[in-house]
Amino acid sequence: MKTLLPILKTAMLLTLLSIITTAYAGPGHKDAGMGGGGHMDHMNDVLKTLKNELGDKYNHPVPAATEEQLVLGKTIFMKSCVACHGESGKGNGPASAAFKQKPADFTDPDHSKFYSDQGRMHIIRKGVKNTPMSGWGSVLDEKEILSVHAYIRSLRSNKNEENQKHGHSDHKH
Ligand code: HEC
């Protein structure tokens, strides 16, 4: 009988520990889909793939948008992207309700800085594996990809938005 008590104590301690660790992991983080890894793991994986595929180009700057790109980009967005990404780009389009992995919020300045501009253009070209985001490289040409990227970048709500919209001193065209 004497050996039972320590075993029971250990068992209780373990239960307690697992309750604490689950609470810490937070709801929805552990089972965010994508076969085990959470949302951040997924984004870091995507980031690695982008950097692998683009090499140095990943960090090349993308010039400020021209008015022409914004107009063309908006037309493409309203036609091809709005169902998932939503009219305002918040990722709440009608189709997105069915997804486990929600489309990104283009207006969130922190999130939209996670990938570089080149990285995001590459996502538009190639899509993101195992998510509803498919590649558009066979549908849109490079000018169209640049334009729709310029448009979604203009949805970002930050103080520099005006600069991006109207170009600044280094604008060469
Ligand atoms: C069928 C739904 C769907 C359509 C249509 C769609 N997307 Fe997406 N998109 C997604 C989802 C879901 C994600 C999130 C992918 C992930 O979890 O990595 C995403 C992610 C992205 C990202 C990465 C954003 C980030 O910073 O995390 C970009 C850029 C993007 N989409 C652009 C576009 C553009 C431009 C179009 C139209 C040409 C488009 N998408 C059409 C569902 C869609």
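**Notebook: a helical model with a ligand**

**Entry 1, D105.** I began with D105, which is buried because 20 other C-beta atoms lie within 10 Å of its own. The scale I use calls a residue buried at 20 or more other C-beta atoms within 10 Å of its own, exposed at 12 or fewer, and partly exposed in between, with C-beta atoms placed from the backbone. I located D105 in the loop between α3 and α4. Leaving aside neighbours within four places in sequence, I found D105 in contact with K90, G91 and H111. A contact here is a pair of residues whose C-beta atoms, placed from the backbone, lie within 7 Å. I also looked up G89: its C-alpha is 6.1 Å from that of D105, with the two positions 16 residues apart in sequence numbering.

**Entry 2, the model and its confidence.** This is a predicted model, in which local features need pLDDT of at least 70, side-chain atom pairs count only at pLDDT 80 or more, and totals for chains, interfaces and linings use all residues. Residues are numbered from 1 along each chain as its sequence is written. I read pLDDT as the predictor's confidence in each residue, from 0 to 100. The mean pLDDT of the protein is 81, and 69% of the residues reach 70 or more. Residues 14-35 stay under 50, and the model gives them ten contacts beyond four places in sequence. Residues 159-173 are also below 50, with 14 contacts beyond near neighbours in sequence. Where pLDDT is low, the predicted coordinates should not be read in detail.

**Entry 3, overall make-up.** I counted six helices and zero strands. Both are DSSP runs numbered from the N terminus: H or I over at least four residues for helices, E over at least two for strands. Of the 173 residues, 18% are buried. Among contacts between residues at least 6 apart in sequence, 59% join residues at least 24 apart.

**Entry 4, the ligand.** Which residues come nearest to the ligand? Of the 25 around the ligand, they are C81, C84, P103, A104 and M133. A residue is near a molecule or strand if its C-beta atom, placed from the backbone, lies within 6 Å of it. I then sorted the shell by element: α3 (67-85), α4 (117-126) and α5 (142-154) each supply at least two residues. The largest share, six residues, comes from α3. By type, the shell holds 19 nonpolar, five polar and one charged residue. Nonpolar covers Ala, Val, Leu, Ile, Met, Phe, Trp, Tyr, Cys and Pro; charged covers Asp, Glu, Lys and Arg; the others, Gly among them, are polar.

**Entry 5, α3 against α5.** I took these two next, as both supply the ligand shell. Their axes come within 7 Å and cross at roughly 90°. Axes are lines fitted to C-alpha atoms, for helices over the stretch in contact, and angles run from 0 to 180 degrees between N-to-C directions. α3 and α5 are therefore roughly perpendicular to each other. That label covers 65 to 115 degrees; under 35 is roughly parallel, over 145 roughly antiparallel and the rest oblique. On the α3 side the contact includes Q69, L70 and F77, and on the α5 side V148, Y151 and I152 are among the residues involved. The residues of this contact divide into nine nonpolar, four polar and two charged.

**Entry 6, α4 and α2.** In α4 I found R120, M121, H122, I123 and I124 buried. The buried residues of α4 pack against α2 (39-54) and α5. The axes of α2 and α4 are 10 Å apart, at an angle of about 95°. α2 and α4 are therefore roughly perpendicular to each other. L50, E53 and L54 of α2 meet Q118, G119 and H122 of α4. This contact consists of two nonpolar, three polar and one charged residue.

**Entry 7, L54.** Is L54 buried or partly exposed? L54 counts as partly exposed, because it has 16 C-beta neighbours inside 10 Å. Its C-alpha is 8.1 Å from that of H122, 68 residues away along the chain.

**Entry 8, after α4.** G127 follows α4 and has a positive phi, near 80°. N130, in the loop between α4 and α5, also has a positive phi, about 65°, although it is not a glycine. I found 13 C-beta neighbours inside 10 Å of N130, so N130 counts as partly exposed.

How values were computed:
Two residues are in contact if their C-beta atoms, placed from the backbone, lie within 7 Å.
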